[in-house]
Amino acid sequence: GITTIGNYSFTDCSSISSLSFPSTLTSINSYAFSGCSGIKNINNWGSVERIGEYAFKSINVETLRLSENITSIGKDAFSEITTLKTVSYDGLKNPTIENVFTNSKVTEVSVKIGYENDKFCELIPKTSEECGEEEGNCVYEYNHNSKILTFTEKRIGAPIKEITSSN
């Protein structure tokens, strides 16, 4: 079966509306679906572990549910998605990520209870470098009743985003 979708494989292919990846797929390379403005759903990540740079730039999803298998997400993989509001991650470990949601409009990020929170702020868009580049710049409070994580930037102390967590 297919294990990799190569660089630029479907770039600017506007006729694709939905994606469901096979269980054999482990890697989606750079720009693979970049500019595919017709994509409104990613239904199944299969066994994808690695997503390359700009792989899904400018698609049109509102909700993104990232599989627990994903261990690496390239720079700007989900950038320029103005429709994107909600992101959830099903894993418990921190994937390797860097400025994944640049110029996207994410307002809510949810994780499983038990998620390693030390680098979680890296998932939040750094449109104004809310978290800074240094590790440990974000602090968070967890409300056990509402299951809401609220992140704050240490230097300013102002709330950044509201983050929900579910089982």
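In the predicted model, Tyr8 occupies the loop that connects β1 (4-5) with β2 (18-20). The backbone of Tyr8 has a phi angle near 60 degrees, a positive value in a residue that is not glycine. With a relative accessibility of 51%, Tyr8 is classed as exposed, because the class of exposed residues begins over 50%.

A positive phi angle is also found at Asp76, where the value is near 55 degrees and the residue is again other than glycine. Asp76 is located in the loop between β7 (72-73) and β8. The relative accessibility of Asp76 is 8%, and the residue therefore counts as buried, the limit for this class being under 20%.

Asp76 also takes part in a salt bridge, in which its side chain meets that of Lys75 at 4.0 Å, taken from N to O. A search of the whole structure returns one such salt bridge. The two partners can be described by their exposure: Lys75 is partly exposed, at a relative accessible area of 31%, whereas Asp76 is buried, at 8%.

The loops described above belong to a chain whose secondary structure consists of 13 strands and zero helices. Read from the N terminus, the order of elements is accordingly a succession of β entries. Among the contacts that link residues at least 6 apart in sequence, 29% connect residues at least 24 apart.

With regard to the surface, the chain has an accessible area of about 8500 Å², and carbon and sulfur atoms account for 44% of this area. Of the 167 residues in the chain, 44% are counted as buried.

The interior was examined through the largest nonpolar core, which contains 32 residues. Within this core, Phe33, Trp45, Phe56 and Phe78 touch the most other members. Two elements, β6 (63-66) and β8 (86-89), each give two or more residues to the core.

The surroundings of Trp45 may be considered in detail. When residues up to four places away in sequence are left out, Trp45 touches Phe21, Ile28, Ile51, Phe56, Leu64, Arg65, Leu66, Ser67, Ile70 and Phe78. Among these neighbours are Phe56 and Phe78, which are listed together with Trp45 as the core residues that touch the most other members.

Technical notes. Residues numbered from 1 in each chain as written. Predicted model: local features only at pLDDT ≥ 70, side-chain atom pairs only at ≥ 80, totals over all residues. Heavy atoms only, no water. Buried < 20%, exposed > 50% of the residue type's maximum accessible area, 1.4 Å probe, protein only. Helix = DSSP H or I, 4+ residues; strand = E, 2+ residues; numbered from the N terminus. Contact = heavy atoms within 4.5 Å. Areas by Shrake-Rupley, 256 points an atom, 1.4 Å probe, with all protein chains shown as cover. Core = buried A, V, L, I, M, F, W, Y, C linked by side-chain atoms within 4.5 Å.
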